Amino acid sequence: MLSVFRAAAGRVVRGDVRYYAWMVFLLALIGLAISRYVRQLDRGLITTAMRDQVSWGFYIANFTFLVGIAAAAILLVIPAYLYQFRPIREIVLFGEMVAITAVIMCALFIMVDLGQPLRVWHAWPVLGIMNFPSSLFIWDALALLGYLAINVLLVLYALWRLATGREYRLSLIFPLIVLSIPWAVSIHTITAFLYNGLPSRPFWNASILAPRFLASAFCSGPALMLIILQLIRRFSAVEVDNKALFKIAELIAYAMGVNVLLLGAEMFKEFYSGSVHMAPLEYLYFGLRGQGMLQPWIWEATAFNLIAFLIFLVPRLRERPLFLNLGAVLIVLGVYVEKGMGLVVPGFVPDTLGEIYEYWPTVSEGIIAAGIWATGALLFTLMVKFTVPIYTGQIRAERAAERGRR
Amino acid sequence: MDDTPSESGRPATVSRRAFTKGLALGLGATALPTGPAAALDWTAFFQKHFREMSEEEIRRTVERLEREARHRWRKDIRISTTRAMPGVVFGAGVDLSRCIGCRRCVYACVEENNQSRNPQVHWITVLRFRKGEKWSDLANAEKYYEPGRVPEEGFFYLPVQCQLCDNSPCVRVCPTRATWKEPDGIVVVDYNWCIGCRYCMAACPFGARRFNWAEPTIPVDEVNPDTHYLGNRPRPKGVVEKCTLCIHRVRAGRYPACVEACPVGARKFGNLLDPGSEIRYLIEHKRVFRLKEDLNTEPKFYYFFSA
Amino acid sequence: MRGALVASVAATALLVGMAAGQGRTAGVRAEPGSDLPTRLVPHTLSPKSFPCSKCHRHLKPNSEKRALELAHTNVTLKHAETQRWCLDCHEGDKLRLPNGELVEYEKSFVLCGQCHGTVFRDWKAGLHGKRTGAWNGDRYYRLCVSCHDAHEPRYRPIQPKPAPVKPANLR
């Protein structure tokens, strides 16, 4: 088995021009981001647009979105393992790898947001002092770490079985799979609670927040999966059954329906009752006291989500590649805005003393964030590149052929 | 862009060198002191949480911090670790009928507590409200008012700082217990333990917590050398700080700087456990209220209208 | 003579309304056993420096309410002025209480307290006016006249310190 892994690892560095160009592009982005991050370390977070009034920004927005992406793997796990839906079971491995990548990116986004990143060990078990169970930050860190471990184990197990050419033995990993489902729900719920538990921020202090997080995660994650799966199908020998894609699209439609419903409920409650707690939502959608930098973005996001909902709701539309891809892209963009900047920034606007500070990330923040996305893309590409020849049985076949010749 | 005022006494910037030498060095240069103090780097890195240190460890840590401070500010800075007095829980008050919004307290606090001048850090914010308009939700607060004279006709003022919550949301959310409530009710931060995640800032309902977005700068001759470990000692960048009621003063029996700076005597201060204290008199004789009482954070900062 | 008088009175008027010294100023001990504050920060100007009797011993008190033209022209009375005249509060080199009792200028607060009972009580308790020193030890009080001009007691507006830097300008 190890020899199969070694052979696969050897292939990771080999590829066509497009592959190398992609690698060079990602590495360039990462290099640029590192240079910006070194500058941020040297000068402090003053290089970002965050200030005391809006003390979390683009980094935490990306973090929040990515927790959603990570949680979405279970939307593949459930039909794959619990309902034995074969087309999805064949590709669930890639979903788990997306989850792994997303969790690592989450950790990176937290790291770049810290004022004293070298002291991160203060929040580690044994070495540091964890404020458990009081701080949701610790809960979230533990939940994400556990989720990472579960997915790494699932992927390793799958690869091992594939490398040795054996079928999955469900009895072995079933407990892990069963565990992964509530765990995925919990990472997202806990991330929502991280914001939700702050009575100082009425925008987040709404009990609908966690369900909204889950609903939007179950749209954005699978939508990203749709795009990634098609890319894998295009650039590798992996077969992805259209049935799997259509099933995912169908699930997205339901999740988006719930997402829109929950958003509507939130909008109704705030705007009809019209208490002072409506201010952040008003700022986000309509502007407050003449300021509302996020308005065009949130309306765009809302429109994207609604259009995508309609596309994915109608089977004849979602089964046409053009519309399928359009819908997937719209959802990823829509949720990225809604749950990223659209969720984090209005929590701080107006701030607790009524001040409006219009936060917009600096170039430096943008580049560092892009660098983390590039790191994620690089990691995922390498993982897929490593996995595909094992997954397709190519390596095993070649070895068998070799043995046969001898 | 590296035009940090030279008065700061800040060690030479490392950006270009760090850029070339890569991420690891950059990380090191950021969190650890450079130059002659470099030998102390690892002791600084492995410094324990203040409340986990033995008396001996505290003594050695304070010695090292004083050495570092002397190196950085070219001035002898004394860092005290005076503990809370038994039988004392501090409370504060502001008479909104008297406050004229002159911001004397804001700047007295900055000077007393070694807040960064650039980028500017203020622990106290004075809000202005138009009389007769909705104000208790603070939504119509004006923070940047700049008239020639105060008080202005038709307005009133409300200074906000740490509200001394008994049930502090900031303490609850801190992932590393770097901020906590002392026995005398003062919520403090261990600047050497804070990781700079700013969760406490999101949690604070009063905007009382401030972050060092860049290396703090203070003109050397304005550095207050009388400091406390949990209060006004010089801070590094990337950590959160806040009003500590002038912990170095009040634990020595003195009034906080803001109380003494107020030209109209609107600020009140005392021991809530002492029935004869000013603060107890205030609570018993005036109709007091606290900000955002609906959040149940139980502040010990009392506002009242004496007239 | 007249010039000197006007100048000294003008100096009083200027100084009244300014807060007296800060911090641990040497306090004057009030008599023990009373509920009066223990340590008072004296007013910056001592009454000894411009005794009324210096001029007034040559003049007969005139209780007629009138505009003063010869002296004290800079004193504007905006303190229940329709019901008052100088001699209601001043007699010789002392202050006069409504019952005719005389008090020294150092204890002017006794006179103020005659009308402003609630504020007087708050002041004694440390609630009205500024205190400096030790919250659990020696507390220093200012006199009413340290902050309020007895003739025009409303606190005079002052220039505020600069507004904080807006977040967008913080770099």
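This passage walks through a predicted model, looking at helices in chain A, the contacts between chains, and the make-up of chain C.

A good place to start is helix α14 of chain A, which covers residues 321-347. This helix has 27 residues, and the distance from its first C-alpha to its last comes to 38 Å. At 1.5 Å a residue, 39 Å would be expected, so the computed reach is close to that figure. As for its surroundings, 20 of the 27 residues of α14(A) are buried, so the helix is largely enclosed by the rest of the structure.

Next comes a pair of helices in chain A. Helix α10 (residues 242-273) packs against helix α12 (residues 295-313), both in chain A, with the two axes 8 Å apart and an angle of about 140° between them. That angle makes α10(A) oblique to α12(A), because only angles over 145 degrees count as roughly antiparallel. The crossing of α10(A) past α12(A) is left-handed. So who actually meets whom here? On the α10(A) side, the residues are Ala249(A), Ile252(A), Ala253(A), Met256(A), Gly257(A) and Val260(A). Across from them, α12(A) puts in Asn305(A), Leu306(A), Ala308(A), Phe309(A), Phe312(A) and Leu313(A). Sorted by class, this contact between α10(A) and α12(A) has ten nonpolar residues, two polar ones and no charged ones.

Now for the contacts between chains. Where chain A meets chain B, 43 residues of chain A are in contact with 54 residues of chain B. On the chain B side, several elements give two or more residues each: the helices α1 (15-21), α2 (23-31), α6 (169-173) and α7 (199-203), plus the strands β3 (125-130) and β7 (210-211). The most comes from α2(B), with six residues. By class, the chain B side of this contact splits into 34 nonpolar, twelve polar and eight charged residues.

Chain A also touches chain C, and this contact takes five residues from chain A and four residues from chain C. The chain A side of it has two nonpolar, one polar and two charged residues.

That leaves chain C itself. Six helices and seven strands make up its list of elements, and reading from the N terminus they run α-β-β-α-α-β-β-β-α-α-β-β-α. Chain C has 171 residues, and 20% of them count as buried. As for contacts along the chain, take those between residues at least 6 apart in sequence: 58% of these join residues at least 24 apart.

How values were computed:
Residues are numbered from 1 along each chain as its sequence is written. Chains are lettered from A and ligands numbered from 1 in the order in which they are written. This is a predicted model: local features need pLDDT of at least 70, side-chain atom pairs count only at pLDDT 80 or more; totals for chains, interfaces and linings use all residues. Helices (H or I, at least four residues) and strands (E, at least two) are DSSP runs, numbered from the N terminus. A residue is buried if 20 or more other C-beta atoms lie within 10 Å of its own, exposed if 12 or fewer, and partly exposed in between; C-beta atoms are placed from the backbone. Two residues are in contact if their C-beta atoms, placed from the backbone, lie within 7 Å. Ala, Val, Leu, Ile, Met, Phe, Trp, Tyr, Cys and Pro count as nonpolar, Asp, Glu, Lys and Arg as charged, and the others, Gly among them, as polar. Axes are lines fitted to C-alpha atoms, for helices over the stretch in contact, and angles run from 0 to 180 degrees between N-to-C directions. Angles under 35 degrees count as roughly parallel, over 145 as roughly antiparallel, 65 to 115 as roughly perpendicular and the rest as oblique. A crossing is left-handed if the near helix is turned anticlockwise from the far one by less than a right angle, and right-handed if clockwise.
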